[in-house]
Every structure is written in structure tokens, then in C-alpha cells.
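Got your viewer open? Grab your mouse and come along for a walk through this protein, one selection at a time.

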Amino acid sequence: MLANVFTALLAAYPLFSTAQSTNLAGKVGPLTSIAAKKAVKTCDITAYGGKAGSDIFAAITSAFAACKTGGVVVIPSGQYNLATWVSLSGGKAWALQLDGIITRTVTAGGNMIFIQHTTDFEMFSSTGEGAVQGLGYHLHKSGAPRLLRFYQVTHFSAHHFALVDAPAFQFSMDTCDSGEVYNMAIRGGYSGGLDGIDVWSTNMWIHDVMVTNKDECVTVNSPAKNILVENIYCSWSGGCGMGSFGTDTNVSDITYKNVYTVHSNNMLLIKSNGGSGTVSNAVFENFIGHANAYSLDIDQYWSSMDTIAGNGVQLNNIVISNWTGTEANGAQRGPIKIACADGAPCTGVDLEDFNMWTETGSSQWYSCRSAYTSKARPVPLYCLKGGSTYTSYAATTTTVKNAPAGYMARTMAADLTKHFGTTASIPVPALPTMYFPGMKPYSKVAGT
Ligand SMILES: *[C@@H]1O[C@H](CO)[C@@H](O)[C@H](O)[C@H]1NC(C)=O
Ligand SMILES: *[C@@H]1O[C@H](CO)[C@@H](O)[C@H](O)[C@H]1NC(C)=O
């Protein structure tokens, strides 16, 4: 029956959705449909000794061994425990159908579920009710496990499940290629070190994702190329970010589009402190913010990391366009803070249609340091400098006393009035049906 629900969804919504942007370098997602994989083999963990209420490490491991060369490992709906972390390495054209909830029962570090060295892979819940529950509220310490990590996975997708209360990071994807992550809910405690999605990979489409935590929402690290992040709902979060960047940073062709951020540290933070290399060709468009501390925050003197040797990471061709909404207190933390490295001034930083206003008081500031807009545009623009001689300059701050026209922006019906703290268990959320005001998710949300 569950399989039928999913098959019906696939009929209504094609498996391989097409991104609207040119930022991707080709098709993302698995190469083989779930139906075709199931036709090869289905390995239900309950046929390999898995039982609700018990540790399913051995059952998942055996089911994977039987289905990894083409097939679907199924964890049916129900509550399961995990007492040894699963590392599923190799295989191809396989899938992991997570309809149940897997709960952490031990304190080992590492990754609860680690998928690596595989291709044509799909991890999904057919009901939208599958989840990994980390019960992080009684295990926030260094050396605590991540919930999910993908490493060297290509042509894959992850969708329709929830990651809840990680003791450390929730989901990281490194050195992956051609992946799609969508229709996901990530809910962590209100504490640092509980990143939502961290990605350093190539050709990735991450869309229709909700993150609640106190650290990174969806963050691109180095090296990365051709990443499209779209329809993102960051609430009571650190906000989306890029970095922290260090030596030989190599990031290009990144788009963040339709990002809705509330009660977070920032709407976008690009962070480094010293270091070298480049971040180029990045677009940040259609951002809405409410009640955040910082909004646009490019900080190449980021004080939460130690200074690294090097002149700084060079930012080039960075377009910030169509931002609306309000920040918590614009006189305290203005909505535009661009602090580029004096040793590697930013070039081609273009701010367009940036209309935000303060929720407290009657003024806000824009601040720029060593940042240049592209020559072709009218200058000065906000606080950026123009021209083609890129010398460093000290922070210049512009005070704004009138609300820009058109700053008002929508809110979301699902906005939380409070975060989840760190002392009580966080319930597994239902998948949202919307991740940005007025935008239908690209793929129908399972179970709706
Ligand atoms: C940056 O990464 C791209 C691949 O994404 C690679 O082709 C290029 O050589 C890298 N550049 C440097 C300077 O490492
Ligand atoms: C600007 O963003 C809003 C959402 O905040 C969107 O409705 C609108 O279409 C965008 N405008 C352009 C020109 O893309």
C-alpha cells in the first residue's frame, strides 16, 4: 500500500525534476527509478531479523549486503533503535526506503548512518514519515555523532524524511556529485554545532528544505561548484552560510534562491578569516527575512575562527538581489554588512533591489569594507565603491533613516513562536507543504 502511494506520486510528479536555473551542470538524482529497483529485489529489514523496538544494526547491514547491487532496502514504518552505527559502502543502483523512525541509543561519535562510495542511490520515505531521531538533547558534546553523512556518492537523491535532534551535525554531503536533496525537515536543538545541511560537492540541487536549529541552515563549503539551493525555510537557525573558508578556497557557480529566514543569526553569512583562494559567480536572490540579527553578512574577519595565513579569500562576481523583510534591530546590526579582506578586496559585488527595514527604532546602517561593485553599475551603491582600482578601504557606514519602499514581506503560517531548546526531546515534525511563501515545492510532499 505504501509502495502504491509512492508509485502514484511518481506518476503525478516525474522522478527527475528539472531545475529552473543554469547553475547545475547536468541532470541530478538517481539514474534508476524505485519501481525498477524494486523489480530487481526488495530487502525488507524485518526479513533479516529487524524488529520494531530493537537494535536494527545487523538487519540493515544484512539487507544492504543482499540488495546493494540493485534493489531497495526497506525499513518499514515503526520505531527502531540503532546501537551500532551503520556504514553502507559501495554497491550501485540501490535505495534505502526509510518509512520507520530510527532512534539513537548509544553515545559513540561518527555518523549514525554513513553512505559512501556508491552511485545511482536514493534515500527516501514513501510516506513522508521516516526519520532519524538523535535524541541530542541529552548528548550535546564534542565527539557526538552526526545523523547522516554521504561521502563520494554520485547520482543520488535524499528526500521526504526528517532528521531530528542531532547530537552533532544533522546531514553532511562531501565530495559528492549530481545529487538532489528535497522535501526534508531538519529540526535540531537551539545550540551551536548542530548544522542542518553542510555540502561541499559538485552539481547539487538542494530544494524545499526546512531547518530549525541554532547553527548553519544550508551551508556550502569548499571545494564546491554548481550548487543550487532553492526554497529554503530557516527558522530559529544560524541561517544559511558559506564557509568557514580557509586555505585554497575553490567555490564557484553557486545560487541561493527563495530563502526565507526567521529568528536566525543571519540570512546569509559568508565567513572566513585570512586564508586564500576564491569564491566566484554566486547569486543570492529572493531572500525574505524577519526578526534576524544580521541579514546580509559578509565577514572576512570572522571572529569565531582563528586567523589563517593568507591575504584572504577573494570574492568575485557576487550578486545579491531582491531581498525584502525586516531585521530585528538595524541600528545595532544593519542589514548590509560587507567586510571584505583588505588583502583581497571583493570585486563585482552587486546589490540590487535590497529593501529591508528595522523592527526596532527608526534607523539602520549599511557597512562596507574593501568591497567593490562592478563598473557598469551606478556608484556609489549602498555603501559599495565603484571603479576598477581595487585598493583596500576601511569600513564605511551609511545610516539610513527612511524605510526603503517595498520592504514589507510575507510571513509563513508555519512560523514557530519558539525554538526547541536543548533540554527536552524534539518531536519528529510533519513535512512542511511549503518552504517559501507562495512557492509550491517542486515535488509533491509525500503523505499530502
Ligand atoms: C577548482 O575546482 C575545479 C573543479 O570544481 C577544478 O577544475 C579546478 O582545478 C580547481 N581550481 C583550483 C585552483 O584548485
Ligand atoms: C522578489 O522576491 C519575491 C519574493 O520575496 C517574489 O515574489 C518576486 O517575484 C521577486 N521578484 C523578482 C523580480 O524576481
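Here is a tour in several stops, each with something to select and something to look for.

**Stop 1: The overall layout**

Before zooming in, keep in mind that you are looking at a predicted model. Colour residues 23-202 in one shade and residues 237-415 in another: these are domain 1 and domain 2. How far apart are the centres of domain 1 and domain 2? Taken over C-alpha atoms, the distance between them is 34 Å.

**Stop 2: Salt bridges**

How many salt bridges does the count come to? The answer is seven, and we will visit some of them.

Select Lys37 and Asp120 and show their side chains. They form a salt bridge, with 3.6 Å from N to O. Now trace the chain between the two: Lys37 sits in helix H2 (residues 34-40), while Asp120 belongs to strand S7 (residues 111-124), so this pair links distant parts of the chain, 83 residues apart. Are these two residues buried or exposed? Lys37 has a relative accessible area of 1%, and because buried means under 20%, Lys37 is buried. Asp120, at 6% relative accessibility, counts as buried too.

Next, select Arg149 and Asp174. Their side chains meet in a salt bridge at 2.9 Å, N to O. This pair also links distant parts of the chain: Arg149 is in strand S9 (residues 146-159) and Asp174 is in strand S11 (residues 171-187), 25 residues apart. Both Arg149 and Asp174 are buried.

Now move along to Lys337 and Asp299, whose side chains make a salt bridge of 3.2 Å, N to O. Lys337 lies in strand S21 (residues 336-339) and Asp299 in strand S19 (residues 296-299), so distant parts of the chain are linked again, with the two positions 38 residues apart. Lys337 has 17% relative accessibility and Asp299 has 8%; buried means under 20%, so each counts as buried. Add Asp297 to your selection: Asp297, Asp299 and Lys337 are linked in a network of salt bridges.

**Stop 3: The largest pocket**

Select Asn265, Asn266, Leu269, Trp302 and Ser304. Of the 18 residues lining the largest pocket, these are the closest to its centre. The volume of this pocket is about 260 Å³.

Which strand gives the largest share of the lining? Highlight S15, which supplies three residues. Strand S15 (239-245), strand S17 (268-272) and S19 each provide at least two lining residues. If you colour the lining by residue type, you will find four nonpolar, seven polar and seven charged residues.

**Stop 4: A threonine in a loop**

Go to Thr127, in the loop between S7 and strand S8 (131-133). Thr127 is buried, with a relative accessible area of 14%. Show its neighbours to see what its side chain meets. One partner is the side chain of Ser125, in a polar contact of 3.1 Å. Another atom to find is the backbone nitrogen of Glu129, which lies 3.1 Å from a polar atom of the Thr127 side chain.

**Stop 5: A tryptophan in a strand**

Select Trp365 in strand S23 (residues 364-369). At 17% relative accessibility, Trp365 counts as buried. Now add Asn329, which is 36 residues away along the chain; the C-alpha atoms of Trp365 and Asn329 are 9.9 Å apart.

**Stop 6: Backbone details**

For the last stop, hide the side chains and look at the backbone. Where can you find cis peptide bonds? One joins Ser222 and Pro223, with omega about -5 degrees. Pro223 is in the loop between strand S13 (216-220) and strand S14 (224-235). Another cis peptide bond runs from Gly243 to Ser244, with omega near 5 degrees. Ser244 lies in strand S15, which you met as a contributor to the pocket lining.

Finish with two residues that have a positive phi although they are not glycines. His155 has a phi of about 45 degrees and is found in strand S9. His155 is partly exposed, with a relative accessible area of 23%. Asn231, in strand S14, has a phi of about 55 degrees. With a relative accessible area of 0%, Asn231 is buried.

Technical notes. Residues are numbered from 1 along each chain as its sequence is written. Chains are lettered from A and ligands numbered from 1 in the order in which they are written. This is a predicted model: local features need pLDDT of at least 70, side-chain atom pairs count only at pLDDT 80 or more; totals for chains, interfaces and linings use all residues. Side-chain values use heavy atoms; hydrogens and water are left out. Domain bounds come from an automatic or database domain assignment. A salt bridge is a side-chain nitrogen of Lys or Arg within 4 Å of a carboxyl oxygen of Asp or Glu. Helices (H or I, at least four residues) and strands (E, at least two) are DSSP runs, numbered from the N terminus. Buried means under 20% relative accessible area, exposed over 50%, partly exposed in between (1.4 Å probe, protein chains only). On a 1 Å grid over the protein atoms alone, a cavity is a set of points where a 1.4 Å probe fits but cannot get out, and a pocket is an open set with protein on both sides within 12 Å along at least five of seven lines; lining residues have an atom within 4 Å of a point. Grid points are joined across faces, edges and corners, and a volume is the space filled by probe spheres set on the points. Ala, Val, Leu, Ile, Met, Phe, Trp, Tyr, Cys and Pro count as nonpolar, Asp, Glu, Lys and Arg as charged, and the others, Gly among them, as polar. A polar contact is a pair of N or O atoms within 3.5 Å; within protein, one must be able to donate a hydrogen and the other to accept it, and residues adjacent in sequence count only if both atoms are side-chain atoms.
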